[in-house]
Amino acid sequence: MPTQATASVTKTDDTARQPSGITTVNGATGAGEPAASRGKTSIADVVVVKIAGMAAREIPGVHDMGGGLSRTLGAVRDRVPGGRPNVGRGVKVEVGERQTAIDLDLVVEYGVPLTDVARDVRENVIAAVERITGLEVVEVNVAVNDVHLPEDDDVQAAGETRVE
């Protein structure tokens, strides 16, 4: 006899079945159920991290993400041939059965109102994560760790030209 779709999200740490950091959305089983609801959909924590990172970077005024050390390591990684930027830098998530909480570390451009940038980032991240994953975002905590000054680019550019 077919079972009803549960539409629940469960987090499992059973490494024999699924690696840690995976959220599973249960569907129904049985031939009488619609094809779209048969089986399970798994969402890894890293998926939420990447979605939140991309959504935060879309907001004008966000210069970079992450703390000082992670930005330094990221800058080195970006300069290595074949290296890709880490969109998850500065993003931490907790994913539960049906909900997620997100922490973001930002570097903003000098002169932009920090509260406006934080509000816009929060709104964009919540909209993107809920739309793409179907998880409810219960909170997005924004920490502004640094302000990017216009002369920071001048100092960095001058430093690059002196070294060969």
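Accessible area here comes from the Shrake-Rupley method with a 1.4 Å probe, and for residues only the protein chains shown count as cover. With that noted, I looked up the whole chain: it exposes about 10,100 Å², and carbon and sulfur atoms supply 54% of that.

Before going on, I jotted down that this is a predicted model, where local features need pLDDT of at least 70 and side-chain atom pairs count only at pLDDT 80 or more, while totals for chains, interfaces and linings use all residues. Residues are numbered from 1 along each chain as its sequence is written, and side-chain values use heavy atoms, with hydrogens and water left out.

**Overall layout**

I found 4 helices and 7 strands; helices (H or I, at least four residues) and strands (E, at least two) are DSSP runs numbered from the N terminus. The order from the N terminus is β-β-β-α-β-α-β-β-α-β-α. Of the 164 residues, 33% count as buried; buried is under 20% relative accessible area, exposed is over 50%, and partly exposed is in between (1.4 Å probe, protein chains only).

**Helix 3**

I went to residues 114-133 next, which make up helix 3, with 20 residues. Which of its residues are buried? I got Val117, Ala118, Val121, Val125, Ala128, Val129 and Thr133. Seen down the helix axis, the buried residues fall within an arc of 110° (taken from the directions from the axis to the C-beta atoms), so they line one face of helix 3. My reminder: an α-helix has 3.6 residues a turn, so residues three or four places apart point the same way. On the other side of helix 3, I noted Thr115, Glu123 and Arg131 as exposed. The cover over the buried residues of helix 3 includes helix 1 (45-57) and strand 6 (99-109). Just after helix 3, Gly134 has a positive phi of about 80°.

**Strands 5 and 6**

Strand 5 (residues 91-95) alternates nicely: Val91, Val93 and Val95 point to one face and are buried, while Lys92 and Glu94 point to the other and are not. Strand 5 pairs with strand 6 in the antiparallel sense over 5 bridges; pairing needs at least two DSSP bridges. Val93 has Ile102 as its bridge partner in strand 6. I also saw that the two strands form a hairpin with 3 residues between them.

**Gln99**

I stopped at Gln99, in strand 6. Its relative accessibility is 37%, so Gln99 counts as partly exposed. Where does Gln99 make a polar contact between side chains? I found one of 3.0 Å with Glu136; such a contact is a pair of N or O atoms within 3.5 Å, where within protein one must be able to donate a hydrogen and the other to accept it, and residues adjacent in sequence count only if both atoms are side-chain atoms.

Methods: The expected span of a helix is 1.5 Å times one less than its number of residues. Contact means heavy atoms within 4.5 Å.
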